[in-house]
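User: I'd like to practise reading how helices pack in a model. Could you walk me through an example?

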Amino acid sequence: MTEGSSNTRMNDRKKRSPGLGGVTLTKAGTWRARVLDNEGKRVTLGAFPTEVIAHQVLEAALDDLDAARKRATGPITLAAWGERWFTQRTADGVRGLVQERSVWKRHVLPVLGSTPLADVTYRQIAAWFEGLRKVRATMCVSGGSRGGRRVPSERLLARCTLLHALRLVKGALQAAQQAG
């Protein structure tokens, strides 16, 4: 190979996708392996005496980047989907999202948030809703209604709060189903 040649040329000025890389011959006669990490930053993996070794190091680095990307994406949880769903609804100009996010964060996420979206079942939703019926409402004792210290009150959650939380879960799941 000549200097500057590789499977994927790194010295091209156009923006490349993360996970690409290449091997080039240096002026010193060694082979340099470079890769774009998952943030799109170019990282030099080192200079090697032979092209074969440089390609082996490059392939190992690309495999590591792919594995890290797969771990980062993994199965989408109800919490992650809910964030995406609320962001989309904000962009669409839906009103009342401050209250909806509050209900979502307070009543849905603690129990169902870590559940992978594909694993949510009717039984889980029914069990969550039954448990929610036994939750005590909270009241703010200092700092106003937003951001203040909250303590449990004597009464249970209001029926409208229960139904609001259930409608949010139903809406999020329907949107996820429509999105595939």
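**Reading a helix pair**

Analyst: Happy to! In this predicted model, helices α4 and α5 run roughly antiparallel to each other, because their axes cross at roughly 160° and angles over 145 degrees count as roughly antiparallel.

User: Where do these two helices lie in the sequence, and within what distance do their axes come?

Analyst: Helix α4 covers residues 122-132 and helix α5 covers residues 159-179. Their axes come within 10 Å.

User: Is the crossing left-handed or right-handed?

Analyst: Handedness depends on which way the near helix is turned from the far one. Here α4 passes α5 in a right-handed crossing.

User: Which residues meet where α4 packs on α5?

Analyst: For contact, look for heavy atoms within 4.5 Å. From α4 come I125, W128, F129 and L132, and they meet L162, A165, L166, V169 and L173 of α5. By class, the residues of this contact are 9 nonpolar, with no polar and no charged ones.

User: And how does the pair fit into the chain as a whole?

Analyst: Start with the element order: the chain has 5 helices and 5 strands, arranged along the sequence as β-β-β-α-α-α-α-β-β-α.

User: What share of the chain is buried, and what share of contacts join residues at least 24 apart?

Analyst: Buried means under 20% relative accessible area, and 33% of the 180 residues are buried. Of the contacts between residues at least 6 apart in sequence, 43% join residues at least 24 apart. As for the surface, the accessible area of the chain is about 11,800 Å², with 53% belonging to carbon and sulfur atoms.

Notes:
Residues numbered from 1 in each chain as written. Predicted model: local features only at pLDDT ≥ 70, side-chain atom pairs only at ≥ 80, totals over all residues. Heavy atoms only, no water. Axes fitted to C-alpha atoms, helices over the stretch in contact; angles between N-to-C directions. Helix = DSSP H or I, 4+ residues; strand = E, 2+ residues; numbered from the N terminus. Parallel < 35°, antiparallel > 145°, perpendicular 65-115°, else oblique. Nonpolar A, V, L, I, M, F, W, Y, C, P; charged D, E, K, R; others polar. Buried < 20%, exposed > 50% of the residue type's maximum accessible area, 1.4 Å probe, protein only. Areas by Shrake-Rupley, 256 points an atom, 1.4 Å probe, with all protein chains shown as cover.
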